[in-house]
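Trainee: Please choose a single part of this structure and take a close look at it, working outward from there to whatever surrounds it. I would rather have one connected account than a list of separate remarks.

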Amino acid sequence: MSHDRKSHYRNIPRVDFSRANLTDPSSISYKFFTKNSNPEYTVLTEENIELVEFGNDAKTIVLMHGWVSSDVSPWFNPLKEAYLSQGDHNVIFVDWSKYANMSYGESCAYVQPVGKCIANFLIKSGIPSQNLHLIGHSLGSQLAAFTGKAYKKESGKKIGRITGLDPAGPSWSNESMTKEERLNEQDANFVDVVHTDIQLYGFTHPCGHVDFYPNGGTNQPGCPDSDQDANCNHHRATRIFIESVNKKVEASEVNFKEDEEFNILVTPKETKFQVAVFGEHVDTSVRGVFYFETNHSEPFL
């Protein structure tokens with residue numbers, strides 16, 4: 001990767017949050033799934049949200065799609081099925097496609113007001129905050145972050161967990177962006193992040209309590225080494241996380257460094273390094289940056 005390309009992500013103009021206007025909460029839709037859903041799902045609304053029985057002990061997984069996408073995003077159903085096969089889980093699909101299908105700059109700006117709408121909706125649901133697990137891909141990761149920020153501001157409590165699957169990098173990586181303006185470890189009680197397309201579509205630097213860099217965070221095995229499928233690396237985060245629901249893979253702690261030439265160096269720790277389970281079953285007390293390798297094709301883990 002050329003020096004210009006490696007440094008390019010830093011120079012894309014920062015997110016201009018003033019580009020977003022007031023958001024219509026009714027334009028954001030929610031589908032609610034359980035193992036025994038009949039019909040297949042319930043559409044959640046402001047009118048019925050307080051009447052739905054979520055179960056006091058059940059984890060509620062909230063899936064958030066990225067830019068130019070919707071709730072038919074190809075990773076939603078496989079991840080939902082993986083969770084429901086594990087038993088007592090609720091799964092909610094969030095569709096914010098009205099705002100996700102604008103220009104990239106506008107969609108970035110809208111994660112702030114859309115996140116506030118979703119936070120208010122989740123507070124109204126009565127689901128215990130510690131039972132909420134938001135999972136976002138790309139721009140959906142930044143949306144999850146702003147949902148977490150608004151949830152804390154409105155309720156005084158933090159959401160239990162946020163998982164960022166290759167969080168959006170362009171604009172969010174601009175050097176003038178503060179931690180408070182993007183996904184960071186303060187947005188939930190536990191924030192884990194998977195980086196598979198750093199210095200391009202994904203966010204490059206560690207930004208959670210735990211950050212995983214499979215295969216070094218770029219050039220994922222099995223993805224073409226060209227721009228013909230530039231999203232392959234970016235979407236790989238979703239595919240390996242899906243597999244982690246039913247499979248445990250260990251990752252080793254590493255050092256993360258960026259040199260003057262913008263080369264990212266992910267190097268093994270020689271002594272006293274930790275080992276962490278990747279993905280769904282990560283120990284939420286673990287902190288650090290971790291590395292593991294994947295296969296070229298499914299199963300990746």
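**The largest pocket and the helix beside it**

Mentor: The residues that line the largest pocket divide into seven nonpolar and eight polar, with no charged residue in the lining. The model is a predicted one, and in it this pocket holds about 320 Å³ of space. Of its 15 lining residues, Trp-67, Val-68, Ser-138, Asn-231 and His-234 lie nearest the centre. The element that gives the most to the lining is α6, with three residues, and that helix is the part I would follow.

Helix α6 runs over residues 231-244, a range that takes in two of the central lining residues, Asn-231 and His-234. From its first C-alpha to its last, this helix of 14 residues reaches 21 Å, close to the 20 Å expected at 1.5 Å a residue. There is nevertheless a kink of about 25° in α6, and the kink is centred on Ala-237. Ala-237 is itself one of the buried residues of the helix.

How much of α6 is buried? The count is 11 of its 14 residues, so the helix is largely enclosed by the rest of the structure. His-234, which lies among the residues nearest the pocket centre, belongs to this buried set, together with Cys-232, Asn-233, Arg-236, Ala-237, Thr-238, Ile-240, Phe-241, Ile-242, Glu-243 and Ser-244. Their packing partners are one helix, α2 (76-84), and three strands, β5 (132-137), β6 (161-165) and β7 (190-194).

A single residue shows how some of these elements meet. Thr-163 sits in strand β6, and a relative accessible area of 0% makes it buried. Beyond its neighbours within four places in sequence, Thr-163 is in contact with His-133, Leu-134, Ile-135 and Gly-136, whose numbers fall within β5. It also contacts Asp-192 and Phe-241; the former falls within the range of β7, and the latter is one of the buried residues of α6. The C-alpha atoms of Thr-163 and Leu-63 are 9.8 Å apart, although 100 residues separate the two along the chain.

On the helical side of this packing, α2 contributes Phe-76, Leu-79, Lys-80, Ala-82, Tyr-83 and Leu-84 as buried residues. The buried residues of α2 pack against α6 and β5, and in addition against β1 (29-33), β3 (59-64) and β4 (89-95). Strand β5 therefore belongs to the surroundings of two helices that are in turn packed on each other, if one reads the two packing lists together with the fact that α6 is largely enclosed.

A further helix, α5 (residues 139-155), packs with its buried residues against β5 and β6, and also against β3 and α4. Its 17 residues should span 24 Å at 1.5 Å a residue, and the end C-alpha atoms are indeed 24 Å apart, which agrees. This helix is mostly covered, with 12 of its 17 residues buried, among them Leu-139, Leu-143, Phe-146 and Tyr-151. After α5 comes Gly-156, whose phi is positive, near 80°.

The loops add some backbone detail to the picture. Asn-215 lies in the loop between β8 (210-212) and α6, and it has a positive phi of about 55° although it is not a glycine. With a relative accessible area of 17%, Asn-215 counts as buried, because the cut-off for that class is under 20%. Ser-171, in the loop between β6 and β7, likewise has a positive phi, of about 75°, without being a glycine, and at 8% relative accessible area it too is buried.

A contrast is offered by Gln-130, which stands in the loop between α4 (104-125) and β5 and, at 47% relative accessibility, counts as partly exposed. Apart from residues up to four places away in sequence, Gln-130 touches Lys-59 and Gly-160. Lys-59 falls within the range of β3. Between the C-alpha atoms of Gln-130 and Ser-285 there are 15 Å in space, against 155 residues in sequence.

One last backbone feature belongs to the segment after β12 (288-291), where Pro-299 is placed: the peptide bond from Glu-298 to Pro-299 is cis, with omega near -5°.

Conventions. Residues are numbered from 1 along each chain as its sequence is written. This is a predicted model: local features need pLDDT of at least 70, side-chain atom pairs count only at pLDDT 80 or more; totals for chains, interfaces and linings use all residues. Side-chain values use heavy atoms; hydrogens and water are left out. Helices (H or I, at least four residues) and strands (E, at least two) are DSSP runs, numbered from the N terminus. The expected span of a helix is 1.5 Å times one less than its number of residues. The bend at a residue is the angle between axes fitted to the seven residues ending there and the seven starting there. Buried means under 20% relative accessible area, exposed over 50%, partly exposed in between (1.4 Å probe, protein chains only). Contact means heavy atoms within 4.5 Å. On a 1 Å grid over the protein atoms alone, a cavity is a set of points where a 1.4 Å probe fits but cannot get out, and a pocket is an open set with protein on both sides within 12 Å along at least five of seven lines; lining residues have an atom within 4 Å of a point. Grid points are joined across faces, edges and corners, and a volume is the space filled by probe spheres set on the points. Ala, Val, Leu, Ile, Met, Phe, Trp, Tyr, Cys and Pro count as nonpolar, Asp, Glu, Lys and Arg as charged, and the others, Gly among them, as polar.
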